[in-house]
Amino acid sequence: MAAASVLNMDALREVLECPICMETYTEELLRPKLLHCGHTTCIQCLEKLLASNINGVRCPFCSRVTRVTSLAHLADNLTVLKIINTSELGQAVSGLMCKSCKRKLPRYFCKTCVVSLCSSCKEADHTPLNHIVLSLHDAANERRKSLEERLAKLRQGMQDLQKRKAILEALTAQVKCKYKSVLLDYSKEECRVQEELARSRKLFTSSLSEVEKLNSQMLDDQAYLLNITEVQVVSRCDYILLKIKQSDTALLEDSLEEEAETEIAADLPSELTLQDPEFLKVGHAGPIQVGQVVKKPYIVNMQEPLPEVTTFGTVSYKEIEMQSEEISSMQSCPSPPLTKLSEATCNLQQCHFLRKMGSKGNMPGMFNLPVSLHVTALGEVLVADRGNCRIQVFNRKGFLREIRRSPSGIDTFVLSFLGADLPNLIPLSVTMNCHGLIGVTDNYDNSVKVYTMEGHCIACHRSQLSKPWGIAAMPSGQFVVTDVEGGKLWCLTVDRSLGVVKYNRLCNAVRPKFVTCDHEGTVYFTQGLGLNLENRQFEHHLEGGFSIGSVGSDGQLGRQISHFFSENEDFRCIAGMCVGARGDLIVADSGRKEILHFPKSGGYSILIREGLTCPVGVSVTPKGQLLVLDCWDHCIKIYSYNVRRYSTP
């Protein structure tokens, strides 16, 4: 039936039937003969035509006379005879013939017997009243109409799935807005208990992150189930569309199971149980705590649209931002503040915009929500292109190559089962050590992967890592990795042939996320949870740090930069760091939309004040240029920056 399904019934009828008597050609009685004009008729019809014309045979189609006295002088139509004699084509043709006589092409379809019939067999055996006989074309149209109704039901199910996904996205946004609202309540109370601000905030954000982790897991599971169901519906739609496009005979002969497509989404949970965080004020007996996070489950009906006002509250983003600014102006710093550099020094260090590189897209040299940037000692630029699931490598001539992770065996099985592509690599941070090995933290499977410059993966490490995020290379060639949820910094030793040969804990920290290292081996890392209140899409990868700490290669803690690094200045959301040639720390704050400069000798200045939408990465090139990765602008912005021009304040 596979060969029969591809043949065109009308075209086959024109080839295998005599156009005069409408009988199917045979090798003997109805042998096909070619007239001189090119038309073909059977030998029986030609005998009648020859008998009625003394000059020869007049073609009934073009009226041209073929002057012969005997039909034996006419050539056979070898093409038609070959179709009849060839075994494979003969089987295909026999499959399309009348199911009763096996000799003529069918013109009718008996719904009672479910067979295709020619005119003779229809009159002989299928004329009783209990037989429902339709023309072949009408029966096929009736079957197509039935399939179209089933397709309409599947599409309606697809629309219902889209509505559920929209409800889930709105629910996710409301839940995360509630996190910010609760954190804002905490900040208001925090103004009155600044003596133990750091310790209290660590306890509070840790509890809130646990609630967020529980809710995020529940929401991610629901989104995964919706995506799986959506793939099944799309696959079923494609299958039915393929059936509709088949020939009439193949469409009617293939049996189709009547499935209830509307029941595909019946197994999806109609309710979700989430944890609702609330701010609970506590007293100050004993060690001072600003507040605690309490959680209580609540039920969300996934089959009904979310109301505009829910139990999450009605605090808008603008109100949260304005109140946050008021609180920041009221708070004072418990630790000694940094002094701002002189105006003359600030003017010297002010960077000037030169050009930008890249735009939004998925072609080479284009980005989609890039999150990390690194410049090697040779001037090569590595970019973690998170939205496109790849690492892009650039040299001085432009785009060099991209690095993607090849799917494993289980990934290949999942791809073939679902019929969809899964992301191979979701990079969060990228760096390169002195041995030319590229280190990447992968959000796809929460691992650290090491690649060669040619894109070959030589190591994949997951042991004792909960949520690896930032990665930096030490002068010794070791990689330093931050574990956000585990609260640790790990040091990995990688061999090009053996992979990860040694790993050890460097120090503990509160939600360490972004990390960098200077030429002396001092590691700088962010701590706490800094929220970018303009992050309307609630991307987790844009949540930054709250303060900066440092640790030596021996594990001894060093220089610390607190949240309030000046009397009137504070960090909003630290999203990237790097160390200049002289050991100065350069910080990208996505909340402030600024690039800050902290000299090794003390003080601070603002390098870039305008022109950034969401800076998430910063690095200095060997030629003295400053590269800033702008996530929401999907590009790298290049500024003038030459350390030789700077004077020590």
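Good morning. In what follows, a contact between two residues means that heavy atoms of the two lie within 4.5 Å of each other. With that term in hand, I shall turn to the structure, which is a predicted model.

Let me begin with the protein as a whole. It has 649 residues, of which 49% are buried. Its secondary structure comprises 33 strands and 11 helices. The exposed surface amounts to about 31,800 Å², and 51% of that area comes from carbon and sulfur atoms. If we consider contacts between residues at least 6 apart in sequence, 55% of them join residues at least 24 apart.

I now come to one residue, Met-302. Where does Met-302 sit along the chain? Its place is the loop that runs between strand E10, residues 291-301, and helix H9, residues 317-330. Is Met-302 buried or exposed? Its relative accessibility is 0%, and buried means under 20%, so Met-302 counts as buried.

Which residues does Met-302 touch, leaving aside those up to four places away in sequence? They are Arg-164, Ile-167, Leu-168, Leu-171, Gln-222, Pro-269, Ser-270 and Leu-272. As for Glu-271, it is 31 residues from Met-302 along the chain, yet the C-alpha atoms of the two are separated by 5.6 Å.

Finally, I turn to the database record. An unreviewed UniProt entry carries the annotation "repeat: NHL" for residues 354-397, 411-454, 460-495, 558-601 and 612-642. Let us take one of these segments, 460-495. In the model, this segment is 58% strand and 0% helix, and the C-alpha atoms at its ends are 12 Å apart. Thank you for your attention.

Definitions and conventions:
Residues are numbered from 1 along each chain as its sequence is written. This is a predicted model: local features need pLDDT of at least 70, side-chain atom pairs count only at pLDDT 80 or more; totals for chains, interfaces and linings use all residues. Side-chain values use heavy atoms; hydrogens and water are left out. Helices (H or I, at least four residues) and strands (E, at least two) are DSSP runs, numbered from the N terminus. Buried means under 20% relative accessible area, exposed over 50%, partly exposed in between (1.4 Å probe, protein chains only). UniProt positions are given in the numbering used here, feature names are shortened, and annotations may be inferred rather than shown by experiment. Accessible areas come from the Shrake-Rupley method with a 1.4 Å probe; for residues, only the protein chains shown count as cover.
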